[in-house]
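Q: Could you walk me through reading a protein model, feature by feature?

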Amino acid sequence: MTRRQFAVSSLASATVLRAQPRSVRGRLTQTESKPSSLTLSDGKSVALEGDGQTTGVLGDPRLAGADFEVLGSFLPSGVFRIDPIHKRAVFVHKDGKRLYVTYWCAVCAIRTYTPGQCWCCQDDTALDLREKLDVD
Ligand SMILES: [Zn+2]
């Protein structure tokens, strides 16, 4: 490895360090035209982005104004990118508890992680905030 390559790779690892997962907590603020954002306790607003299923959760009207926490990292643009849905990076704080956001079809006993219809019976799933996740 040349000195120059070494310098470049040190720079790359510094970038990785800065991009380590972080969490942001605030009020989930939904607007029609823009992606959902979090309003922090100091009044600052953090724009959120995530994958399709995560975006579905952010846009769920049942969660509007919720005390929300997301895990992910800030992009250089200042937008907070939430970790992919399978990492379960979205939480609601309620009654002093940190709850996972899940959706439940009681008819089929099927749990999903984004709002919508049950893939089995096509019924609307219910919002189900849970302290623990079943092993899946
Ligand atoms: Zn169902």
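A: Happily. Helices and strands are DSSP runs, helices of at least four residues and strands of at least two, numbered from the N terminus. In this predicted model, the protein has two helices and nine strands.

Q: In what pattern do they follow one another along the sequence?

A: The pattern reads α-β-β-β-α-β-β-β-β-β-β.

Q: How do I read strand pairing, and which strands pair with β4?

A: Two strands pair if DSSP finds at least two bridges between them. Strand β1 (residues 22-29) runs antiparallel to β4, with six bridges joining them. Arginine 22 is placed opposite glycine 72 of β4. β4 also pairs with β6 in the antiparallel sense, over three bridges, and with β5, again antiparallel and over three bridges.

Q: What lies between β4 and β5?

A: Five residues, and the two strands form a hairpin. Phenylalanine 74 faces its opposite number, phenylalanine 80 in β5. In the turn, glycine 78 has a positive phi of about 95°.

Q: Now the interior: how do I find a nonpolar core, and which residues have the most contacts inside the largest one?

A: Look for buried nonpolar residues joined through C-beta atoms within 7 Å. The largest such core here has 13 residues, and Leu48, Val70, Ile82 and Val90 have the most contacts inside it. At least two residues of this core come from each of α2 (52-58), β4 (67-74), β5 (80-82) and β6.

Q: What does valine 90 touch, beyond its neighbours within four places in sequence?

A: Valine 90 is in contact with Thr54, Val57, Val70, Ile82 and Val101. One of these, valine 70, is also its bridge partner, pairing with valine 90 in β6.

Q: How much of the protein is buried?

A: Of the 136 residues, 18% are buried.

Q: What should I make of a positive phi?

A: Most residues other than glycine have a negative phi. Aspartate 95 has a positive phi, near 50°, and glutamine 122 has one of about 70°.

Q: Where do aspartate 95 and glutamine 122 lie?

A: Both lie in loops: aspartate 95 between β6 (90-94) and β7 (97-105), and glutamine 122 between β8 (110-112) and β9 (126-130).

Q: Are aspartate 95 and glutamine 122 buried or exposed?

A: The cut-off to keep in mind is that a residue is exposed if 12 or fewer other C-beta atoms lie within 10 Å of its own. Aspartate 95 counts as exposed because it has 5 C-beta neighbours inside 10 Å. Glutamine 122 has 9 such neighbours, so it counts as exposed too.

Technical notes
Residues numbered from 1 in each chain as written. Predicted model: local features only at pLDDT ≥ 70, side-chain atom pairs only at ≥ 80, totals over all residues. Buried ≥ 20, exposed ≤ 12 C-beta atoms within 10 Å, placed from the backbone. Contact = placed C-beta atoms within 7 Å.
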